[in-house]
Amino acid sequence: MALRGPAALGPGSRRPLDEAVAGAEGREAPALVAVGGAPEDDEEDDGRGRGLLRWDGFSAWLHCVCVVGFDLELGQAVEKDPAYFYGYVYFRQVRDKTLKRGYFQKSLVLISKLPYIHFFHTVLKQIAPEYFEKNEPYLEAACNDVDRWPAPVPGKTLHLPIMGVVMKVRIPTCHDKPGTTQIVQLTQQADTNISVILPTVHEVDIFRCFCPVFLHSQMLWELVLLGEPLVVMAPSPSESSETVLALVNCISPLKYFSDFRPYFTIHDSEFKEYTTRTQAPPSVILGVTNPFFAKTLQHWPHIIRIGDLKPTGEIPKQVKVKKLKNLKTLDSKPGVYTSYKPYLNRDEEIIKQLQKGVQQKRPSEAQSVILRRYFLELTQSFIIPLERYVASLMPLQKSISPWKSPPQLRQFLPEEFMKTLEKTGPQLTSRIKGDWIGLYRHFLKSPNFDGWFKTRRKEMTQKLEALHLEALCEEDLLLWIQKHTEVETVDLVLKLKNKLLQADREHLPVKPDTMEKLRTHIDAIILALPEDLQGILLKTGMT
């Protein structure tokens, strides 16, 4: 069975659908049906004056669409690209007495590099039921609809038609605050052709996920912040996935830089690595459902055991923090099994606020907004002192000379940073008391700090390169070449061209007029040289 799509997938690969295949639970192995490759030399106009190759529009949103059947004889041997993908699943199970286990089981899986959890699950709800009734032609038609969608540009509000339904979505940006609905709500008259309006494409219902453990939400925030190994044991793949994603999102806007597997199975290639007791567990958040993991992951330091997530409006009994030795099987009572002692005192105010919402039957969406705002303010209180200190590592602008290499950032010195906390620490913005210094010391050794600081260092280095370019543009370069040899002038032209290429390649934060000024400088310098050199330099690249 071949389906339309931009990529072909076959058996025997490294990246099992651990984040995708709901319903397998590590017992019934999915066999992947190949997805047909894109036809060559098939160019078409998208109606906006752009010539697109067939499936280019599709590829902007999805990597491929998979149909996963369940075969009792075959192991799970599905490969993905080494890069991470997100798998979104619609699982169907129908009683069939003619089959060995009495059920027909199949999943429709969307594979994408985009973490638009809510959006793609909405897409699946629209197309999967019909696909199971109408089979491949229906799925191919849906893929053709996706291929006509505009690219998912951050900040844009889009109308996306799929199989007779039009969805209105806004693509989030890195500057959006968690829990805020940025989509523009047009009048109902103007939106008569809109079937579905999604206030968010990527956020999960965080309160529903944290509901059984909201008394311990601050401790869980610390564990995620510090990149601690964490296992979520849940009764179903969907509850496992949602809870892991909620944990990863709770430290937003700080990015979680470690690995996380919303649905991890015994067929995953890292199974042996994660279950061995000969080395410490890695910095990973795992979501599991198979009872086998209650024994094989018992050595992990932090385990969350949750029961069935209640429908919106129903509040489960709050679980307790328990010692790991009490976790014997997946039948053990729900709880947070850990010996971890939080650095910060528990914030009783947020607990009272959420409990009051429960008593007043406040909608889950409103509870999620409160909890997201709390996590956001907590993370910002923690990260602002780090941002302030890292900004001080930036050289002064007056130290940037156009004729010297850009200056280097000062080194991050942990003890120097710790000294800044006395006057400009999190106590300025947070009411929470506790051992903030200890929390920072632990964080500085974590993968999240390493990833965050590398990102900030890259951004600041690019800023220095951009300021260096601006300083060059302000110089009278024609006057400079009058005082230097032809060899030095040619060397300057080549260096300036490399600067232009670097600015484009690395997307340096350079003003458009700065780039234009630099091109003008290069052209003027070349024209001031002898004709034979002009021809050579013009061939070295566009100016």
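The crossing of helices α15 and α16 is left-handed (the near helix is turned anticlockwise from the far one by less than a right angle). This comes from a predicted model, where local features need pLDDT of at least 70, side-chain atom pairs count only at pLDDT 80 or more, and totals for chains, interfaces and linings use all residues. Residues are numbered from 1 along each chain as its sequence is written, and side-chain values use heavy atoms, leaving out hydrogens and water.

The axes, lines fitted to C-alpha atoms over the stretch in contact, come within 10 Å and cross at roughly 155° on a scale from 0 to 180 degrees between N-to-C directions. The pair is therefore roughly antiparallel (over 145 degrees). Here is who touches whom, with contact meaning heavy atoms within 4.5 Å:

| Helix | Residues in the contact |
|---|---|
| α15 (residues 486–505) | Thr 489, Leu 492, Val 493, Leu 496, Lys 497, Leu 500, Ala 503, Asp 504 |
| α16 (residues 512–527) | Met 515, Leu 518, Arg 519, Ile 522, Ile 525, Ile 526 |

Ile 526 of α16 turns up again in a core of 23 residues, along with Leu 469, Leu 477 and Val 510, among others. A nonpolar core here is a set of buried Ala, Val, Leu, Ile, Met, Phe, Trp, Tyr and Cys residues joined through side-chain atoms within 4.5 Å; buried means under 20% relative accessible area with a 1.4 Å probe, protein chains only. That core lies apart from the largest one, which has 104 residues. Among the residues with the most contacts inside the largest core are Trp 61, Phe 119 and Trp 221.

Zooming out, 50% of the chain's 543 residues count as buried.

Definitions and conventions:
Helices (H or I, at least four residues) and strands (E, at least two) are DSSP runs, numbered from the N terminus. Angles under 35 degrees count as roughly parallel, over 145 as roughly antiparallel, 65 to 115 as roughly perpendicular and the rest as oblique.
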